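Thanks for making time this morning; I would like to talk through the empty space in one protein, and I will take the open space before the enclosed space. Please have the structure up on your screens while I speak.

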Amino acid sequence: MADNLPSEFDVIVIGTGLPESIIAAACSRSGQRVLHVDSRTYYGGNWASFSFSGLLSWLKEHQENSDVVTDSSTWQEQILENEEAILLSRRDKTIQHVEVFCYASQDLHEDVEEAGALQKSHVSVTPTSSTEAAKSVCLLTEDESLSTVSCEIATEQTPGSDAESALQVNVAEVAGEKENHSDDKTSEEETSEHVPTVQDNPKQPKRNRITYSHIIKEGRRFNIDLVSKLLYSRGLLIDLLIKSNVSRYAEFKNITRILAFREGRVEQVPCSRADVFNSKQLTMVEKRMLMKFLTFCMEYEKHPDEYKACEEITFCEYLKTKNLTPNLQYFVLHSIAMISETTSCTADGLKATKKFLQCLGRYGNTPFLFPLYGQGELPQCFCRMCAVFGGIYCLRHSVQCLVVDKESHKCKAIIDQFGQRILSKHFLIEDSYLSENTCSRAQYRQISRAVLITDESVLKADSDQQISILTVPAEKPGSFAVRVIELCSSTMTCMKGTYLVHLTCMSSKTAREDLEPVVQKLFTPYTETEAENEQIEKPRILWALYFNMRDSSDINRDCYNDLPSNVYVCSGPDCDLGNDNTVKQAETLFQQICPNEDFCPPPPNPEDIVLDGDSSQAEASEANSETLKETTDVRKPEEPAE
């Protein structure tokens with residue numbers, strides 16, 4: 001199909017990240033002819049989720065870090081005298097400083113492979129290590145492509161009359177039906193090499209012994225996100241999912257706990273009214289003070305006298321003026337507002353606190369939702385919507401260059417890897433596809449990321465199925481607070497008996513240098529000697545990945561060199577917890593492409609859709625309906641006579 005594409009479209013989208021996928025869906029929904037291509041073998045770009053073997057293949061791809069040699073004659077022959085070409089990059093430079101560590105017992109045998117996976121080849125990768133526990137690891141990767149089988153979108157659910165209630169049903173039922181279904185499926189597929197769990201022997205509170213072989217074999221249970229985010233229950237993305245009815249393609253689960261790290265301990269933060277009054281961490285005086293302050297934050301704009309005089313100071317200093325105890329100040333600043341202690345002003349803090357409080361109670365006791373099977377589901381959901389309305393998709397399909405008319409300085413076509421020239425009116429490109437010449441003036445920020453597989457939660461509870469968010473404040477000037485999101489197996493992102501932990505912060509150094517101090521505070525590396533010690537309090541790290549990701553969200557269009565006016569650039573993921581900036585960017589670019597069009601309106605009722613070939617049948621149906629109506633009306637007067 002890829003080498004026989006139509007020669008003309010209205011919109012060509014290059015890259016399948018979340019903003020590009022939203023715009024592609026919106027354009028297709030508004031009647032535009034959309035071609036959506038990606039040179040990668042998977043959907044999502046830097047928003048993707050991978051199974052464990054898929055992640056290892058992704059790592060191998062980036063560690064090889066070699067340019068693809070292209071035959072320039074294939075596109076040069078297509079360029080006319082009055083045209084010029086803007087070459088696109090064939091090398092992804094958005095990921096840097098990749099380091100992998102395996103701490104789990106490496107009893108890997110040649111015959112161990114991921115259950116249900118395709119044939120694999122052995123690839124030796126030796127990560128840089130500063131500790132004896134981090135050793136060379138034999139990684140299994142797939143030959144042909146990254147595995148996205150376990151990232152398939154969840155089964156469609158029948159949309160109800162109210163889209164918001166449909167989403168709410170998904171959230172409520174996931175913890176029951178979906179979790180039970182996954183447990184049944186796990187038990188059916190369980191092999192003799194069973195992964196021990198805490199419940200196996202309640203009399204012996206020994207920790208799980210999980211080896212690298214277990215992780216490899218259960219690799220399809222993992223869905224590991226490249227970017228770590230949550231959805232605010234009243235955020236722009238949830239509103240868009242409900243409005244467009246795309247929510248029927250995905251399922252969500254509540255974040256169950258907001259945690260804080262204070263004085264070397266992890267503790268749960270009360271955020272709802274019930275949590276506050278049930279909390280044993282706060283005195284009665286603190287409970288009243290906190291409720292009074294949170295009530296003020298909900299309607300702070302109505303009381304400008306309360307904060308206008310403090311707008312120039314930081315939110316941290318403002319909290320001190322409200323006579324809150326240090327305990328409450330810490331909770332509000334780091335676990336509710338979740339903003340910087342040194343750089344965020346009072347207005348930003350009040351706005352963030354109000355947003356947090358407004359999102360409480362819509363779908364649960366916390367403001368956040370997480371998509372089952374990982375964040376990589378969201379781009380695929382919008383890609384599915386685009387395809388439903390006629391969009392054409394081509395993965396593993398690279399674009400060599402853009403063709404620009406010299407007189408009008410507008411882009412008129414692309415030339416793909418097969419040398420086919422495809423015309424279009426508008427072109428949407430992910431930032432990573434632009435060449436160094438085009439981006440030479442862009443100053444990118446970086447995001448530090450870490451992904452850990454651990455054997456226990458950072459805060460033990462009665463249930464082992466907890467989804468938690470924790471903010472660890474910055475300790476040194478110039479460093480940044482670290483956001484920690486811990487996912488359990490019921491999110492369909494990790495195998496039973498393990499937790500998947502994501503750490504994120506703005507970069508000041510390499511990812512490992514930024515995040516390792518926080519990792520050492522919360523976790524301890526797995527070793528065989530410590531495995532026999534039942535007195536260890538910290539969770540153990542079985543496997544760890546560090547990498548830096550480019551943040552292009554603050555790059556202005558003027559920073560790109562000689563960009564035609566009908567070429568629009570989408571940024572990659574930012575460091576924010578939510579997705580509001582992504583939705584705003586998508587809507588802004590969509591309005592430039594399709595002014596005066598509604599942004600992702602609800603789909604039509606299937607009963608109201610009449611296809612071209614069904615017009616005669618529709619007319620006949622209407623005629624029969626009118627005849628039936630006339631017949632009924634005629635007979636009605638006769639009924640009393642009978």
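Before I come to the linings, a word on classes: Ala, Val, Leu, Ile, Met, Phe, Trp, Tyr, Cys and Pro count as nonpolar, Asp, Glu, Lys and Arg as charged, and the others, Gly among them, as polar. Please also keep in mind that this is a predicted model.

The largest pocket has a volume of about 1,600 Å³, and of the 47 residues lining that pocket, Ala337, Met338, Ile339, Ser340 and Asp576 are the closest to its centre. Among the elements that give two or more residues to this lining are helix 10 (326-337), strand 22 (499-506) and helix 15 (580-593), while helix 11 gives the most, with seven residues. Sorted by class, the lining of the largest pocket holds 18 nonpolar, 14 polar and 15 charged residues.

Turning to enclosed space, a search of the whole structure finds two cavities of 30 Å³ or more. The largest cavity, with a volume of about 50 Å³, has a lining that includes Asn46, Thr94, Glu430 and Arg550, and by class this lining has one nonpolar, five polar and three charged residues.

The second largest cavity holds about 40 Å³ of space, and its lining has six nonpolar, three polar and one charged residues. Helix 6 supplies the largest share of that lining, three residues, and strand 9 (231-232) also supplies at least two.

Finally, a separate remark on Arg512, which is found in helix 13: its relative accessible area is 11%, so Arg512 is buried, and a polar contact of 3.1 Å joins its side chain to that of Glu99.

Note on methods
Residues are numbered from 1 along each chain as its sequence is written. This is a predicted model: local features need pLDDT of at least 70, side-chain atom pairs count only at pLDDT 80 or more; totals for chains, interfaces and linings use all residues. Side-chain values use heavy atoms; hydrogens and water are left out. On a 1 Å grid over the protein atoms alone, a cavity is a set of points where a 1.4 Å probe fits but cannot get out, and a pocket is an open set with protein on both sides within 12 Å along at least five of seven lines; lining residues have an atom within 4 Å of a point. Grid points are joined across faces, edges and corners, and a volume is the space filled by probe spheres set on the points. Helices (H or I, at least four residues) and strands (E, at least two) are DSSP runs, numbered from the N terminus. Buried means under 20% relative accessible area, exposed over 50%, partly exposed in between (1.4 Å probe, protein chains only). A polar contact is a pair of N or O atoms within 3.5 Å; within protein, one must be able to donate a hydrogen and the other to accept it, and residues adjacent in sequence count only if both atoms are side-chain atoms.
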